[in-house]
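Visitor: Could you zoom in on one loop for me, and then walk me outward from there through the rest of the fold? Keep it chatty, but give me the cut-offs as you go.

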Amino acid sequence: MGGWTLIGCIAVVYLGILFVKRLGESVPILELMTLIAGLQWIIGPIIEYASPSGHYKYYMYVDQETYMGFVVPAYLLFMVVILKGVKKSANFKVPISHLEHYSQYGLMIFGIGVVFDLVGGFLPGALGFFAFILSNFKFAGAIILFFSKDALLKKVFYGAIVYLFAIALAKGMFHDLILWSVFFYMFWAIKNKPSLAFIFITFLIAALSLTTLQTIKRAYRSQIWQGYSGNKVELFVTLMAESLVSGDVTEEAEQGETGTNVRLNQGWIISAVIYNIPKYQPYLNGETVSTALFSSVLPRFLNPNKAVAGGRENFRKFTGLSLSDGTSMGISIIGEAYGNFGKIGGILFMGLWGFFLTRIWSKLFKIVLNNIVFISFLPIAFLQVIKAETELVVVLNHLIKSLIVIFFFFWYAKNYLNWNFSHETKR
């Protein structure tokens with residue numbers, strides 16, 4: 001390991017330990033975001049450099065010293081700013097047990113989410129996006145009901161996890177299941193105060209499950225997307241068992257996946273950006289940043305040239321690589337930072353980005369202190385923010401639009417439904 005590689009590895013390990021320690025004490029969403037970024041931007045590339053996958057496309061395009069010489073300093077500044085910004089909220093014991101007073105609200109919020117989950121697919125364009133935000137209200141409602149004194153209402157929380165699993169099996173898409181399971185675990189931990197040993201065991205089981213899921217995902221999708229009419233639960237369990245026993249599933253899956261680390265490693269895209277810019281493509285000097293800012297505050301009918309989510313255009317421009325129209329890949333915010341501002345500018349941008357997020361977090365946490373119900377909506381607002389592979393336009397668009405929807409809902413509920421959220425919390 002080179003110097004920057006070792007420092008980066010230590011930083012990610014430290015953050016992982018800190019995240020585990022804060023489980024059961026706070027809602028460490030920004031710590032989770034930074035940890036995911038460290039795993040995908042640093043740990044994944046370390047594994048790839050040490051044991052190359054041999055894939056014709058998913059490899060590191062620059063040497064380790066060049067890559068880590070930018071990514072690690074940028075990540076360290078980002079991490080330090082984040083940890084400093086969340087220190088106050090992390091040390092404050094959130095009286096989340098007060099959610100038990102809002103079971104009726106939780107049930108209604110859950111119902112709103114279910115309704116929009118059913119009708120959202122029939123709504124066009126921007127309305128479809130807002131329906132998606134509202135459909136996620138069911139998970140906020142489930143979190144509130146988890147703290148209810150009514151044993152039956154508590155089961156809605158676990159029912160939401162079962163629902164996520166069923167949807168994942170039906171679609172063959174497991175991303176929402178994984179993210180919301182982690183969010184749910186945060187709230188479960190606050191209530192149940194698990195020991196560090198229990199948390200580590202849970203994480204080991206989760207890591208094994210995710211690794212196994214990665215090996216069977218392609219085989220599972222290839223069957224259900226071709227009209228599989230059998231029991232999907234049975235198919236999924238069978239593939240998982242085969243993978244655990246033999247290490248692979250089918251020849252098709254083996255040919256389709258080059259290894260679990262290919263999915264973890266976001267570094268191959270970032271390295272392609274470093275290789276391509278400015279050698280073949282000049283620095284964009286903030287072009288995509290300004291585009292992201294305008295796209296996040298203006299609806300599409302006022303901004304007909306608004307960037308389209310999916311990352312294809314930016315991927316091709318920043319990496320110089322081809323990407324089919326049916327494929328979506330994000331260059332990540334750190335890759336976007338380098339492509340716009342270069343090494344030093346990119347490092348400084350990551351610090352500014354971390355500062356922006358902590359400012360938003362601090363404002364939202366102040367609301368939580370006077371309205372504990374609001375805490376159950378934080379995962380909805382940060383659903384895209386915590387993804388390390390997502391580019392700025394997607395992150396900002398989701399963060400700002402989701403907060404608009406959430407604030408409007410609380411305003412409407414208070415002024416027109418006469419909901420009372422003033423169960424004030426004090427130090």
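Guide: Let's start at Met-60, which sits in the loop between H2 and H3. Helices here are DSSP runs of H or I with at least four residues, strands are E runs with at least two, and both are numbered from the N terminus. Before we go on, a word on the ground rules: this is a predicted model, where local features need pLDDT of at least 70 and side-chain atom pairs count only at pLDDT 80 or more, while totals for chains, interfaces and linings use all residues. Residues are numbered from 1 along each chain as its sequence is written, and side-chain values use heavy atoms, with hydrogens and water left out.

Back to the loop. Met-60 is buried, at 11% relative accessible area; buried means under 20%, exposed over 50%, and partly exposed in between, using a 1.4 Å probe and protein chains only. What does Met-60 touch, leaving out residues up to four places away in sequence? Counting heavy atoms within 4.5 Å as contact, the list is Pro-45, Glu-48, Tyr-49, Tyr-67, Asn-265, Gly-267, Trp-268 and Ser-271. Ser-271 is the long-range one to look at: 211 residues separate it from Met-60 in sequence, yet their C-alphas are 5.8 Å apart.

Ser-271 falls within the range of helix H14 (267-276), and between that helix and helix H15 (287-297) runs the loop that holds Pro-278. The peptide bond from Ile-277 into Pro-278 is cis, with omega near 5°. Most residues other than glycine have a negative phi, and most peptide bonds are trans. Two residues stand out on the phi side. Ser-332, in the loop between helix H16 (312-319) and H17, has a positive phi of about 75° without being a glycine, and Ser-332 is buried at 0% relative accessible area. Asn-418, in the segment after H19, also has a positive phi, near 60°, but Asn-418 is exposed at 63% relative accessibility.

Now step from the loop onto H2 itself. The axes of H2 and helix H17 (residues 333-370) come within 11 Å and cross at roughly 160°. Those axes are lines fitted to C-alpha atoms, for helices over the stretch in contact, with angles running from 0 to 180 degrees between N-to-C directions. H2 and H17 are therefore roughly antiparallel, given that under 35 degrees counts as roughly parallel, over 145 as roughly antiparallel, 65 to 115 as roughly perpendicular and the rest as oblique. H2 brings Ile-29, Leu-30, Met-33 and Trp-41 to that contact, and H17 brings Ile-334, Met-350, Leu-357, Thr-358 and Trp-361.

Heading toward the N terminus, the loop between H1 and H2 holds Ser-26, buried at 4%. Outside its four-place neighbourhood in sequence, Ser-26 is in contact with Ser-89, Ala-90 and Ile-190. Ala-189 is 163 residues from Ser-26 in sequence and 9.1 Å away, C-alpha to C-alpha. Gly-24, just after H1, takes a positive phi of about 90°.

H1 (residues 3-22) has 20 residues and reaches 29 Å from first C-alpha to last, close to the 28 Å expected, which is 1.5 Å times one less than the number of residues. Its buried residues include Thr-5, Gly-8, Cys-9, Leu-15 and Phe-19, and the buried set packs against H2 (29-50), H3 (64-85), H4 (87-91), H9 (175-192) and H10 (196-224). Thr-5, buried at 2%, touches Ile-46, Gln-64 and Met-68, again skipping residues up to four places away.

One last stop: the aromatics. Rings of Phe, Tyr and Trp (its six-membered ring) pair if their centres lie within 6.5 Å, with planes under 30 degrees apart stacked, over 60 edge-to-face and the rest tilted. By this rule there are 47 aromatic pairs. The rings of Tyr-105 and Trp-419 have centres 4.3 Å apart and planes at 5°, so they are stacked. Tyr-105 lies in helix H5 (residues 103-119) and Trp-419 in the segment after helix H19 (392-416), so the pair ties together parts 314 residues apart in sequence. Tyr-105 is buried at 14%, and Trp-419 is buried at 7%. Both belong to an aromatic cluster whose members include Tyr-102, Phe-137, Phe-374 and Phe-410.
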